[in-house]
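The report that follows reads one structure through its charged pairs, its nonpolar cores and the packing of its helices. The sequence and the structure come first.

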Amino acid sequence: MSEGPWLVVGLGNPGPEYAGNRHNVGQMVLDELARRSGVSFSARSGGVLSRRPQAAVAEARLGTAPGGAPGPRVVLAKPTTFMNVSGGPVAGLARYYDVPAERVVMVHDELDIPFAEIRVKIGGGEGGHNGLRDTTRALGTKDYLRVRVGVGRPPGRQDAADYVLADFSKTERKDLPWLVDAAADAVEMVVVEGLERAQLTFHTRR
């Protein structure tokens, strides 16, 4: 697991009109990871994916390995396709960088987790998340890692799709920087220290 790069993907929809949506919290986390690493995203196309750019990509070292050495090499990616067709860019990048599914980390919003809580896992179902469903189809396996960022369930009878495609509420936005920062910590811990360590840390945090 220590050899080769990791692929860390933040799910979301492209365009400024979606940037503040709950559905785009995965891409917010990727922006934080890029900021920490001092790298910038650039569009990738040509031999990586297709003739048209389908992802914004940055290569970096993430976190700090034991002994103070730079952390593992990672490819940070934000698909520039819509959420429900995220799988093509993810699979294309995984092939290009020769990243196996067990080193693919998907960062995404999760309705079934209360707002501001974080869970990490490998494999399992997609819970109705179209970005994950398409990723599973494209990779041909469910056995990739997920950093699940809780956005909670919609209030009352609000439709779930409308809820995730709306911006965070005014109250939520006060805690959003903390949530994004904590989710970035979770990604770093998964990559540097492993899934079990991240689960012990974040599944007991409130």
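## Salt bridges

A salt bridge is here a side-chain nitrogen of Lys or Arg within 4 Å of a carboxyl oxygen of Asp or Glu. The model is a predicted one, and a search of the whole structure on that criterion returns 13 salt bridges. One of them joins the side chains of D31 and K78, with N and O 2.6 Å apart; the two residues belong to distant parts of the chain, D31 to helix α1 (residues 25–37) and K78 to strand β4, with their positions 47 residues apart in sequence. The partners differ in burial class, since D31 is partly exposed at 38% relative accessibility, whereas K78 is buried at 16%.

A further salt bridge pairs E110 with R148, whose closest N and O atoms are 3.4 Å apart. Because E110 lies in strand β5 (residues 104–110) and R148 in strand β7 (residues 145–150), this pair ties together parts of the chain that are 38 residues apart in sequence, and both E110 and R148 are buried. The pair D134 and R137, by contrast, is local: its closest N and O atoms are 3.1 Å apart, and the two residues are separated by about one helical turn because they stand three residues apart in helix α3 (residues 130–139). D134 is buried, with a relative accessible area of 11%, while R137 is exposed, with 56%. Elsewhere, salt bridges with shared partners connect E32, R35, R36, D181, D185 and E188 into one network.

## Nonpolar cores

In soluble globular proteins, nonpolar side chains tend to be buried together. In this model the largest nonpolar core holds 37 residues, and V8, V29, L33, V107, I118, V147 and V187 are those with the most contacts inside it. Helix α5 (residues 170–193) gives this core its largest share, 11 residues. Leaving aside residues up to four places away in sequence, V8 is in contact with L30, L33, V75, L76, A77, V105, V107 and V187.

A second core, separate from the one above, contains 17 residues, including L11, M83, L93 and Y144.

## Helices α2 and α3

Helix α2 is largely enclosed by the rest of the structure, because seven of its 10 residues are buried, namely G87, P89, V90, A91, G92, L93 and A94. These buried residues pack against β1 (6–10), β3 (55–61), β4, β5 and α3. Within α2, A91 has a relative accessibility of 5% and therefore counts as buried, the limit being 20%; beyond its sequence neighbours up to four places away, A91 touches A138 and L139. The C-alpha atoms of A91 and T136 are 9.3 Å apart, although 45 residues separate the two in sequence. After α2 comes D98, which has a positive phi near 55°.

In α3, the residues G131, L132, D134, T135 and T136 are buried, and the elements that cover the buried residues of this helix include α2, β5 and β7. G140, which follows α3, likewise has a positive phi, near 75°.

## The loop before α2

S86 sits in the loop between β4 (73–79) and α2 (87–96), and at 1% relative accessibility S86 counts as buried. The side chain of S86 reaches the backbone oxygen of M83 at a distance of 2.7 Å. Residues up to four places away in sequence aside, S86 touches L11, T81, G131, D134 and T135, and of these contacts G131, D134 and T135 are among the buried residues of α3.

## Packing of α5 and α6

Helix α5 packs with helix α6 (residues 195–202) at an angle of about 145°, and their axes lie 7 Å apart. On the side of α5 the contact is made by A182, D185, A186, M189, V190 and E193, and on the side of α6 by L195, R197, A198, T201 and F202. By residue type, the contact consists of seven nonpolar residues, one polar and three charged. D185, one of the α5 residues in this contact, also belongs to the salt-bridge network that includes R35 and R36.

Notes
Residues are numbered from 1 along each chain as its sequence is written. This is a predicted model: local features need pLDDT of at least 70, side-chain atom pairs count only at pLDDT 80 or more; totals for chains, interfaces and linings use all residues. Side-chain values use heavy atoms; hydrogens and water are left out. Helices (H or I, at least four residues) and strands (E, at least two) are DSSP runs, numbered from the N terminus. Buried means under 20% relative accessible area, exposed over 50%, partly exposed in between (1.4 Å probe, protein chains only). A polar contact is a pair of N or O atoms within 3.5 Å; within protein, one must be able to donate a hydrogen and the other to accept it, and residues adjacent in sequence count only if both atoms are side-chain atoms. Contact means heavy atoms within 4.5 Å. A nonpolar core is a set of buried Ala, Val, Leu, Ile, Met, Phe, Trp, Tyr and Cys residues joined through side-chain atoms within 4.5 Å. Axes are lines fitted to C-alpha atoms, for helices over the stretch in contact, and angles run from 0 to 180 degrees between N-to-C directions. Ala, Val, Leu, Ile, Met, Phe, Trp, Tyr, Cys and Pro count as nonpolar, Asp, Glu, Lys and Arg as charged, and the others, Gly among them, as polar.
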